[in-house]
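Visitor: I would like to go through this structure and ask how each label is earned. Shall we start?

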Amino acid sequence: MKREIAQTEQKYVNLLHDWGFKMIFKREQHKHLLIAFLNDLLHGEKVINDITYKDSDLQSGIEAERNCSFDIYCTDQNEDIYLIEMQYTQQSFIFSRMVSYTSNLYVSGINKGIDWYKNISGVISICIMNFETADTKFRTNYRLIDDTDLGRKLEGFCIISLQIPRISNTFENCKTAEEKWLFLFKNINTMEKATLSELKGNLQEVVNLAELSAMSKDEQLRYFAAENKERAYWDSIGTAESKGIAKGMAKGIEKGIKKGREEGREEGREEGREEGREEGKLQTAKTMKLEE
């Protein structure tokens, strides 16, 4: 079971929860950190020089589906789109959701006119998951490709999934820049002071910004209010699950008792019939003996 860091033990904000993640990466004055993070994820495939933050609440485009909200939605200097989702707890159908969101935004980039499909904006979705899926790799890139020629792919359409539990257990063993980013997100409140002090550049700046004592009292209050709201939400989910399990067990027990009673009655009836048959045989034998 995961150990939650108590508020009194926290030195840094929780970077895996919405408030902390957005505080670092969704503020205009910190956008150089988001640019650095994205460039480290893209491995030189694209180079981002600038970003523009967009409204992260989007119309889903599907009548039966509620509107979707992303942690971060932005565009680069070429108008290519980036979505970032931080998923703290297990989510069902997470990949299907990311495909739906990415496809909707890709279609929204079609320029109406004679050359509708000529310069469609690319879309890269990044899903950071604090849980494991059936995929055993830390990172998986999903693209539309030709399965007979893997070099041929649809440019500008990519979903990157990152599974935090599958990163290295120590910071020193993290092999890539993206692993180091995610290790920091996960372990900032439990990392050794010596390790934190050795961080450089953007990672050290994240540590400095995430320090609670460096925040104003108002920001600290808003942060802890957001944390309490998050805990209350997941506590309500856990309570509902516990009640569902208890209800299911009670129903199962009741069903078992009922079945037991029915089987008992049937067994009793069968035993009665068998005893009746034996008694009948005995009486027949006696009658036959008297007739002799």
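Guide: This is a predicted model. Leu 41, Leu 42, Glu 45, Ile 124, Arg 139, Arg 143, Cys 158 and Ile 160 line the largest cavity.

Visitor: What makes a residue part of the lining of the largest cavity?

Guide: A lining residue has an atom within 4 Å of a cavity point. Leu 41 and Cys 158 are among those that line the cavity. Helix 2 and strand 10 (157–163) each give two or more residues to the lining.

Visitor: Which classes are found in the lining of the largest cavity?

Guide: The lining has five nonpolar, no polar and three charged residues. Cys counts as nonpolar and Arg as charged.

Visitor: How many cavities of 30 Å³ or more does a search of the whole structure find?

Guide: The search finds one. The largest cavity holds about 30 Å³ of space.

Visitor: Why is helix 2 called oblique to helix 4?

Guide: The axes of helix 2 (residues 31–42) and helix 4 (residues 177–187) cross at roughly 130° and come within 8 Å. Roughly perpendicular ends at 115 degrees, and roughly antiparallel needs over 145. The crossing angle of roughly 130° fits neither class, so helix 2 is oblique to helix 4.

Visitor: Which residues make the contact?

Guide: Helix 2 brings Leu 33, Ala 36, Phe 37, Asp 40 and Leu 41. Helix 4 brings Ala 177, Glu 178, Trp 181, Leu 182 and Phe 185. By class, the contact has eight nonpolar, no polar and two charged residues.

Visitor: What makes strand 1 and strand 4 a pair?

Guide: Pairing takes at least two bridges. Strand 1 and strand 4 (residues 72–76) have three, in the antiparallel sense. Thr 52 has Thr 75 of strand 4 as its bridge partner.

Visitor: Why are strand 1 and strand 7 called edge strands?

Guide: Six strands form an open sheet, ordered 1-4-5-6-10-7, with mixed pairing. Strand 1 (51–53) and strand 7 (139–142) each pair on one side only, and that is what the edge label rests on. From one strand to the next, the twist averages 20°.

Conventions. Residues numbered from 1 in each chain as written. Predicted model: local features only at pLDDT ≥ 70, side-chain atom pairs only at ≥ 80, totals over all residues. Heavy atoms only, no water. Axes fitted to C-alpha atoms, helices over the stretch in contact; angles between N-to-C directions. Helix = DSSP H or I, 4+ residues; strand = E, 2+ residues; numbered from the N terminus. Parallel < 35°, antiparallel > 145°, perpendicular 65-115°, else oblique. Contact = heavy atoms within 4.5 Å. 1 Å grid on protein atoms, 1.4 Å probe; cavity = no way out; pocket = protein on both sides within 12 Å on 5 of 7 lines; lining within 4 Å. Points joined across faces, edges and corners; volume = space filled by probe spheres on them.
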